[in-house]
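Trainee: I am new to this structure and would like a close look at a single part of it. Could you take me slowly through the place where charged side chains meet across neighbouring strands, and tell me what surrounds them?

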Amino acid sequence: MNLGAQQPLPKETASLEEAAKATSAQVRTLFDMNQGDRGRLVSDSIPQSQRPLLEAMGMCGDCELRICHNVGSCVLEVGGQRVGLSEEIAATLRILPLDS
């Protein structure tokens with residue numbers, strides 16, 4: 001048994017890795033998106049210090065949102081409600097675009 005040789009990954013694992021890479025390549029900042037675009041918040045991008053406040057405003061991990069305004073500060077629609085974010089906080093968040 002050669003422990004130094006790498007075994008090929010099972011087909012399912014390789015497909016999952018490819019899907020993860022493709023998804024990662026699609027992730028955008030709020031400022032890369034256009035007004036009216038929809039996306040899903042990437043929960044890992046929420047700063048730990050801001051998490052309680054953002055969750056109280058309905059911005060929980062992986063929630064769906066719509067860009068209402070993203071020049072300077074950012075206004076998002078989350079769960080039918082509009083939420084305003086400072087440019088500093090908005091710049092840290094990452095979004096996975098959804099088809100409109």
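Mentor: Let us begin with the strands themselves, keeping in mind that this is a predicted model. Strands β2 and β3 run antiparallel and are joined by 3 bridges, and within this pairing Arg40 stands opposite Glu64 in β3. Strand β2 also pairs with strand β6, which covers residues 94–98, through 4 bridges, and these two strands likewise run antiparallel. Along that second pairing, Gly39 stands opposite Pro97 in β6, while the bridge partner of Leu41 in β6 is Ile95.

Seen as a whole, the strands form an open sheet of 6 strands with antiparallel pairing, in the order β1-β6-β2-β3-β4-β5. The edges are taken by β1 (28–29) and β5 (81–85), and because each has a single partner strand, one side of each is left without a neighbour in the sheet. In general, strands of a sheet pair through backbone hydrogen bonds, either parallel or antiparallel.

With that framework in place, we can turn to the charged side chains, for the structure holds 3 salt bridges. One of them brings together the side chains of Glu64 and Arg38, with a distance of 2.2 Å from N to O. This pair links distant parts of the chain, since Glu64 belongs to strand β3 (residues 64–69) and Arg38 to strand β2 (residues 38–41), 26 residues apart. Neither side chain's residue counts as buried, because a buried residue would have under 20% relative accessible area: Glu64 is partly exposed at 36% relative accessibility, and Arg38 is partly exposed with a relative accessible area of 26%.

Glu64 has a further partner in Arg40, and in this salt bridge the closest N and O atoms are 3.6 Å apart. Here too distant parts of the chain are linked, with Arg40 in strand β2 and Glu64 in strand β3, 24 residues apart. Arg40 is partly exposed as well, at a relative accessible area of 32%.

Another salt bridge joins Arg66 to Glu77, whose closest N and O atoms lie 2.9 Å apart. That pair connects strand β3, which holds Arg66, with strand β4 (residues 74–78), which holds Glu77, and the two residues are 11 residues apart. Arg66 is partly exposed, with a relative accessible area of 26%, and the value for Glu77, also partly exposed, is 26%. Returning to the shared partners, salt bridges join Arg38, Arg40 and Glu64 into one network.

One more residue helps to complete the picture of the surroundings, and that is Leu98, which lies in strand β6. Leu98 is partly exposed, with a relative accessible area of 24%. Setting aside residues up to four places away in sequence, Leu98 touches Arg38, Gly39, Arg40 and Glu64, so that, with contact meaning heavy atoms within 4.5 Å, Leu98 meets each member of the network formed by Arg38, Arg40 and Glu64. The C-alpha atoms of Leu98 and Glu64 are separated by 8.7 Å, although the two residues are 34 residues apart along the chain.

Methods. Residues are numbered from 1 along each chain as its sequence is written. This is a predicted model: local features need pLDDT of at least 70, side-chain atom pairs count only at pLDDT 80 or more; totals for chains, interfaces and linings use all residues. Side-chain values use heavy atoms; hydrogens and water are left out. A salt bridge is a side-chain nitrogen of Lys or Arg within 4 Å of a carboxyl oxygen of Asp or Glu. Buried means under 20% relative accessible area, exposed over 50%, partly exposed in between (1.4 Å probe, protein chains only). Two strands pair if DSSP finds at least two bridges between them.
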